[in-house]
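Welcome to my notebook. I went through this structure one lookup at a time and jotted down what turned up.

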Amino acid sequence: MKRLFIIVALCLASVSVFAQKSVVVVDYFEYANSVVPSYADAVRSSIIQGINQMNRLTLIDAAKESSLALEEERRDSEKAALDITARTGQMKTLGAEYIVTGNVTNVSATRRTDSEGKVSYRGNIVYSVTVLKVEDGSVVGTKNYTHSDIATGSGTTEELAINDTYRYCVNSMENFVQEFFPLKGAIVEMAEAKGDKVKSCYISLGTSVGVLKGQTLDAFAVKTIAGRTVETKIGSLTISEVVAEDLSLCKVTTGAKEIMAASKDGMEIVVKTKPDPLWKVW
């Protein structure tokens, strides 16, 4: 096995910065008048559970923070909404970088009768989740989800069917986190190479930020052009083994020559996680 070491001061110095978890406040969710409040709360709790399972972020639940509890009182008393600047100001004091909020528009169950007259129910949950920057209140993005009909949870009663559908809310957060909170790390060492191609390498992401075996990442060569930092995609990686808190072994799936050439030129090579294109939300 041939080992090639990248000794780039900038690359190694940035490892600890890249591996830090973002601090995110999960705010209260809005919900339609037709949605039972306890059902909306269950959707929100499922989303929190799904995000937590990723071990990617440091979460703060607004419902459990005394400094943010006034929001619940405001909503209950039906007063005017807090100005977004005041709201984000409260969250800055908690060290938050992002706000996750949502809107639940439907939580219900569809009655079905089979050919033998047996009655069952299918859950329906429709909602959106939005990410905002605490710094200026700007919207990073919104994702819409519909879990309904044949692909969702089922049960002999409406409540059982709805309860069985919450797990889809949990599962949907995997790609949500991958899309809106990608991890950024660096290639720190070439593990195996053949000729002018690299077969495997080590990256600066590990258990501390929740990366998993089989996860895919893109590799980018970093250049400075006219005083600006430019990242050019040069390949893709798949994690084959999570070695330590800040180290994983990856197989190079594309760009073997390009990554090798960039490393020989002493360039910084960063890696970023990405959503799974095969994952589908029903």
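**Salt bridges first**

I began with a charged pair: Glu-179 forms a salt bridge with Lys-143, and the closest N and O atoms are 2.8 Å apart. I then checked where the two partners sit, and the pair links distant parts of the chain, with Glu-179 in helix H5 (residues 158-180) and Lys-143 in strand S7 (residues 139-147), 36 residues apart. Please keep in mind, as I did, that this is a predicted model.

Next I asked myself: is Glu-179 buried, partly exposed or exposed? Glu-179 has a relative accessible area of 37%, so I noted this residue as partly exposed. Lys-143 also goes down as partly exposed, because its relative accessibility is 29%.

How many salt bridges does the structure hold? I found 8 salt bridges listed for it. A reminder I wrote in the margin: side chains of opposite charge can pair when their charged atoms come close.

I picked out Arg-44 next, which forms a salt bridge with Asp-61, the closest N and O atoms being 2.6 Å apart. This pair, too, links distant parts of the chain: Arg-44 belongs to helix H2 (residues 37-53) and Asp-61 to strand S4 (residues 58-61), with their positions 17 residues apart. I looked up their accessibility and found that Arg-44 is buried, and so is Asp-61.

My third pair was Lys-272 and Glu-231, whose side chains meet in a salt bridge at 2.6 Å, N to O. Lys-272 lies in strand S14 (residues 268-273) and Glu-231 in strand S12 (residues 228-244), so the pair ties together parts that are 41 residues apart in sequence. Lys-272 counts as partly exposed, at 25% relative accessibility, and Glu-231 counts as partly exposed at 28%. I followed the connections and saw that Lys-184, Glu-231 and Lys-272 are linked in a network of salt bridges.

**Helix H5**

I went back to H5 to look at its shape. H5 has 23 residues and reaches 33 Å from its first C-alpha to its last, close to the 33 Å expected at 1.5 Å a residue. Where does H5 bend? I found the bend at Glu-174, and it comes to about 25 degrees.

**Ser-46 and Ser-248**

I found Ser-46 in helix H2. At 6% relative accessibility, Ser-46 is counted as buried, because the cut-off for buried is under 20%. Leaving out residues up to four places away in sequence, Ser-46 touches Tyr-166, Cys-169 and Val-170.

I turned to Ser-248, which lies in strand S13 (residues 247-254). Its relative accessible area is 0%, so I wrote Ser-248 down as buried. What does the side chain of Ser-248 reach? The side chain of Ser-248 reaches the backbone oxygen of Leu-205 at 2.6 Å. Beyond four places away in sequence, the residues that Ser-248 touches include Cys-201, Tyr-202, Gly-206, Val-211 and Glu-241.

**Cysteines**

I looked for disulfides last, and the count comes to 0. Why does Cys-250 not bond to Cys-201? The sulfur of Cys-250 is 5.3 Å from the closest cysteine sulfur, in Cys-201, and that is too far for a bond. Cys-250 is buried, with a relative accessible area of 0%. Cys-169, which I had met as a contact of Ser-46, is buried with a relative accessible area of 0%.

Notes
Residues numbered from 1 in each chain as written. Predicted model: local features only at pLDDT ≥ 70, side-chain atom pairs only at ≥ 80, totals over all residues. Heavy atoms only, no water. Helix = DSSP H or I, 4+ residues; strand = E, 2+ residues; numbered from the N terminus. Buried < 20%, exposed > 50% of the residue type's maximum accessible area, 1.4 Å probe, protein only. Polar contact = N/O pair within 3.5 Å; in protein donor to acceptor, adjacent residues only side chain to side chain. Contact = heavy atoms within 4.5 Å. Salt bridge = Lys/Arg side-chain N within 4 Å of Asp/Glu carboxyl O. Disulfide = S-S within 2.5 Å. Expected span 1.5 Å × (residues − 1). Bend = angle between axes of the 7 residues up to and from the residue.
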